[in-house]
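Hi everyone, thanks for making time. Could you pull up the sequence and the model, so that we can walk through them together?

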Amino acid sequence: MKAEIITIGTEILIGSILNTNGPYLSRKLTDAGYDVEYHASVRDKYEAIRDAIETALERSNVIFLCGGLGPTQDDMTKQALAHALDLPLIFDEKQWDYIRNVSMSFSKNITENNKRQAEFPEGAVVIPNAKGTAPGCMLDYEGKQFFMLPGPPREFEPMADDIVANYLNPVHGKNFITSLRLVNIGESKCESMFREAKIETENVEINTFAKTGEVEIKVIAHAEDEGEAEIIEKEYAEALRALRELFAEFIYGDGERDVFETLVDCLTKKNLTISFAESVTGGNMAHMITSVAGASNVLHESYITYSDEVKEKLLGVKPATISKDTVVSETVASEMSRGLYEKTKSRYCVATTGEAGPESATGKEVGTVIYSIRKDGEEVLKESRMYKGDRTTIQYRSSKYILARILLHELGEENGRE
C-alpha cells in the first residue's frame, strides 16, 4: 500500500522550523505495514498545494496532508483538496460549536475567519483534535484515501497516533517489523557487517538509519497470504536471530525507547544508583538522565567539577597528579571517580575530563574526552576518545557515548558478556 506525505508550510521550506511531522508519521506508517514512497513539502500557496495533491493522486493510495488547517488566509489545504477533487466545501455547524468552545477554553478571541476551520470537503469524516481548534478529517475518493492533519507537532502527533490506530485500512497480508537500537557503532560499519554476513534475503529487508550517537536497524518482511506467512516468518525470525548475535555488543534495545530511557529503566529495575562528576561534559549526562521520567529513582548526586580547585577540594584529586599528568588525563579521571564513590557510595560513579574547545587550556587536543566509570567502587571502564565538531557536539556525543557504555556494560553483565 503506497503512502505519500505532503507537508504544507512556507516556514518549513525557508528553514524557519524543522519538519518533524513527516518523519514521525513515516515511522508510524512503516510500522503499520505501509510503504511510504514519497515525501513532498510545499509553500502556503494554493496552486502549489493543489498541484501536489494532483501528483499524489496519480501515484499513491493513501495521502496525508499535514498543515494548513488554521483560520488565516494562508491556510488553504482543505480548499485546495476540494478544488483538486472537484468537491464543494460544506460548513459543519457542529464543528463550529466545538471550535468556539475550545477557543473560549483557551481564552482565545473567536473571529469570523475561524469559520474556515469548520469547512470540510463534501463526504469527509471529521477527526477530532484534542489539543487545538483545527479538526482533521478523512476523505475516501475513488479508491484513494486522504487524511488532513494540523501542523503544530503537539496537535499533529496524537492525531497521527489516532489515525494509524483507528482510521487506516489494515494492510492486506501479514507484516513483520522490528527496530533494533545500537550504540557505539557507525552506520557504515554496521551495514558492511550484516551485508558481509548475508543476513538479508529476498523476503526480509534490512535498512540502517544513522542518528546522533546511535544506529537503528529496521527489519521488515511482508507475507501476502497465510500460505506464505509461515515460511516468511521463519526467514524473518532467523534474520533477527543472526542480527542479534552479530551485534550483541552494540544492541541496547528494540522499538522507540532511546538510550537514556533504557538506561533509567535498567537501573531502576535493578535498584541501582548513579552519580556524576562532570568536567568536560558540563552536566550533559545528568541532564540526559533527568530528561527521563523516573530519573529520581536512580540519580543520586551530580556535580560539575569544572575547575582544578573543585576537583581537588570536592573529589580529592591530588594536585601532584594534575601537575604531573595535566588535568586532562586518565589518572585524573580515575581519581575523580574514586573521590565521587567515596563521597556518594553510588553503585555507578562516572567522571569526565577533557577539552571541548574552542581553544585548548591544557595543550591537549580539542575534542579529547576521558572518562572513568566505577561500579561498587571498582573501576570497570576507562577510556580516552577523540570527538570532532564544535563544543556542543563534543559534549553531546561524548555524554551519550559514556551513558551507552554504562548501559551496555550492565546488559553485558546481565547476559554473561565481557
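Let's start with Ala221, which you'll find in strand S11, the stretch covering residues 214–223. Keep in mind that we're looking at a predicted model. So is Ala221 buried or exposed? Its relative accessible area comes out at 2%, and the cut-off for buried is under 20%, so Ala221 counts as buried.

Which residues does Ala221 touch, if we leave aside its neighbours within four places in sequence? There's Lys174, Asn175 and Phe176, then Asn203 and Val204, and finally Ile232 and Tyr236. If you want a sense of distance, try going from Ala221 to Ser372: that's 151 residues along the sequence, and 42 Å through space between the two C-alpha atoms.

Okay, next stop, Thr133. This residue sits in a loop, with strand S6 (125–127) on one side and strand S7 (136–141) on the other. Thr133 is a loop residue, yet it's buried too, with a relative accessible area of 12%. And what does its side chain make a polar contact with? That would be the side chain of Gln117, at 3.4 Å.

Now over to a helix. H4 runs through residues 77–84, and it's mostly covered, with seven of its eight residues buried. Here's the buried set: Thr77, Lys78, Gln79, Ala80, Leu81, Ala82 and Ala84. Notice that there's a lysine in there, Lys78. Then, just after H4 ends, look at Asp86, where phi turns positive, at about 55°.

Let's zoom out to the chain as a whole. How many helices and strands does the chain have? The count is 14 helices and 17 strands. The C-alpha trace spans about 80 × 60 × 40 Å along its principal axes. Of the 418 residues, 48% are buried, and Ala221 and Thr133 are among the buried ones.

What about contacts across the sequence? Take the contacts with a separation of 6 or more: 68% of them link residues 24 or more positions apart.

Last, the outside. About 19900 Å² of the chain is exposed, and 48% of that comes from carbon and sulfur atoms. On the charge side, the chain carries 48 positive and 69 negative charges, and the mean positions of those two groups lie 6 Å apart.

That's the tour, so let's open it up for discussion.

How values were computed: Residues numbered from 1 in each chain as written. Predicted model: local features only at pLDDT ≥ 70, side-chain atom pairs only at ≥ 80, totals over all residues. Heavy atoms only, no water. Buried < 20%, exposed > 50% of the residue type's maximum accessible area, 1.4 Å probe, protein only. Helix = DSSP H or I, 4+ residues; strand = E, 2+ residues; numbered from the N terminus. Contact = heavy atoms within 4.5 Å. Areas by Shrake-Rupley, 256 points an atom, 1.4 Å probe, with all protein chains shown as cover. Lys, Arg positive; Asp, Glu negative; His and termini not counted. Charge placed at Lys NZ, Arg CZ, Asp CG, Glu CD. Polar contact = N/O pair within 3.5 Å; in protein donor to acceptor, adjacent residues only side chain to side chain.
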